[in-house]
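Student: I should like to study this structure with some guidance. May we go through it together, step by step?

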Amino acid sequence: MTSTFDAVVVGAGPNGLAAAIELSRSGLGVLLVEANQTIGGSARTEALTLPGFRHDVGSAVYPLGIGSPYLDSLPLREHGLDWVHPPVPLAHPLDGGRAVILRRDMEATAAGLGRDSGAYRRLVGPFVRRWPSFADHVLDAPTKLPRSPLLMMRFGVRALRPATKQARAFHTPEARALLAGNAAHSGVPLGDSLSGAVGVTLMIAAHAVGWPIPRGGAGRLTESMASYFQSLGGTIETGRRVGSLDELPAARAILLALTHRQVAQVAGPRLPDAYRSRLESWRYGPGAFKVDWALDAPIPWEAEEVGQAGTVHLGGTLEEIAAAECRPARGAAPERPFVLLAQPTLFDSSRAPAGKHIAWAYCHVPNGWAGDATAAIEAQVERFAPGFRDRIVARRTHRPAQLEAWNANLVGGDVNGGALTVSQTFGPARWSLHPWGTPVPHLYVCSASRPPGGGAHGMVGYHAAREALRRTFGRP
């Protein structure tokens, strides 16, 4: 087969788009192939409920997007991206009308934690103050020796402990709950090692760069990336599901923004047996059960300050959240789940009719779970916002299988591209001498299954493109 393209990228989410952009910026002819009719992967905005209401089906809030060294280097504002920063990145309501508030200002956040203010500063302060160095190692150079080894050693000693152990440094239920809610983004039980690292990283990012949303919805992030890619001469083809590498046009390099088991399916017999077996044994994390609401008024939070937050963590105390996050790993859905909620129209009125609002929430359930968590999620919202149900005018739910049908990379509803276990995160399935390459010459992987992992930061795509430029195209 002949081709007019130097490289083909499969999958047009943030990582696939980042890979395509980096290759195009180097003067190569690039084809970007997407199975769905619209680009964006899990960063898409759609009309799910009623006319005029625009919902983020997948991801919605982007601390690692705005904190990404690569995305920050692109002229995305010129292509329509406008970040909106809520007054408060995160709120965590507690019973009795109380709430923990994570503010952009680290000192203000620490002051709100009372007797735990000093412990909080010690936990996140060194990394907030040196965010560029911290982000450089975590996102930009994860396979290299850190440029600030003492800083990263300090992070490893403190952060690479389970959230339940980290919480022992705190005395107040407020500080413990704040840590627990952030750690629960990991999708692993809070007694697992990497839960603490995820929680601390998100809190650091909140102070360093914020937890913003794209004006107009998550889709504006990937639409701006696609616009920039096309301005460089790149080609996008949608509605083309790839079942085998043989279906692609000939190209000097192929980059797959697919999770490991999908890479094994698409590359098939071209892969050595041992390597293919390693990809096929890749474990996925818990699924997500997602609810989107159209509302006739804002959520009536009992603690008024929660209405200033773009993201809300619902689940109560550390002990409650830890109990909820253990159940999916055991094959059971939590009766009182930990709920991640976003309320974007409080800060971006473009996404609902005048005076109306949307909200977005999900909880963790077993991978591939077929049950219905709607009532459990809404009960947690109602717990901290009495009267919430009365404001719902429409809802749309997505079970794990429906999320996977919407975006095939969300295997069983897993939004992280794989379970965040220590053996898998740091093992040979992810790390090698060439972490974004494969044993097949000129075949690369640029999904969240590779370093630095999940998040709409585009860094996996960037790294895979740089590796392809070095190894296949001989570019320094």
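**Strand pairing and a crossover**

Tutor: This model is predicted. In strand β10, the bridge partner of A7 is A253.

Student: In which sense do β1 and β10 pair, and over how many bridges?

Tutor: The contact between A7 and its bridge partner A253 in β10 belongs to a wider pairing of β1 with β10. That pairing runs in the parallel sense, and the number of bridges is 4.

Student: What is the bridge partner of A7 in β2?

Tutor: β1 also pairs with β2, again in the parallel sense, over 4 bridges. Within β2, the bridge partner of A7 is V30.

Student: What is the handedness of the β-α-β crossover from β1 to β2?

Tutor: The chain leaves β1, passes through α1 and arrives at β2. Helix α1, residues 14-25, lies across β1, β2 and β10, and runs at about 170 degrees to β2. The crossover is right-handed.

Student: Are A7, V8, V9 and V10 of β1 buried or exposed?

Tutor: A7 and V9 point one way from β1, whereas V8 and V10 point the other way. On either side the state is given by one word: buried.

Student: Which strands are the edge strands of the open sheet?

Tutor: The sheet has 5 strands in the order β9-β2-β1-β10-β16, with parallel pairing. β10 pairs with β16 over 3 bridges, and I254 stands opposite L443 in β16. An edge strand here pairs on one side only, and the two that do so are β9 (235-237) and β16 (443-445).

Conventions:
Residues numbered from 1 in each chain as written. Predicted model: local features only at pLDDT ≥ 70, side-chain atom pairs only at ≥ 80, totals over all residues. Heavy atoms only, no water. Pairing = 2+ DSSP bridges. Contact = heavy atoms within 4.5 Å. Axes fitted to C-alpha atoms, helices over the stretch in contact; angles between N-to-C directions. Buried < 20%, exposed > 50% of the residue type's maximum accessible area, 1.4 Å probe, protein only. Right-handed = clockwise from strand over helix to strand, strands pointing away.
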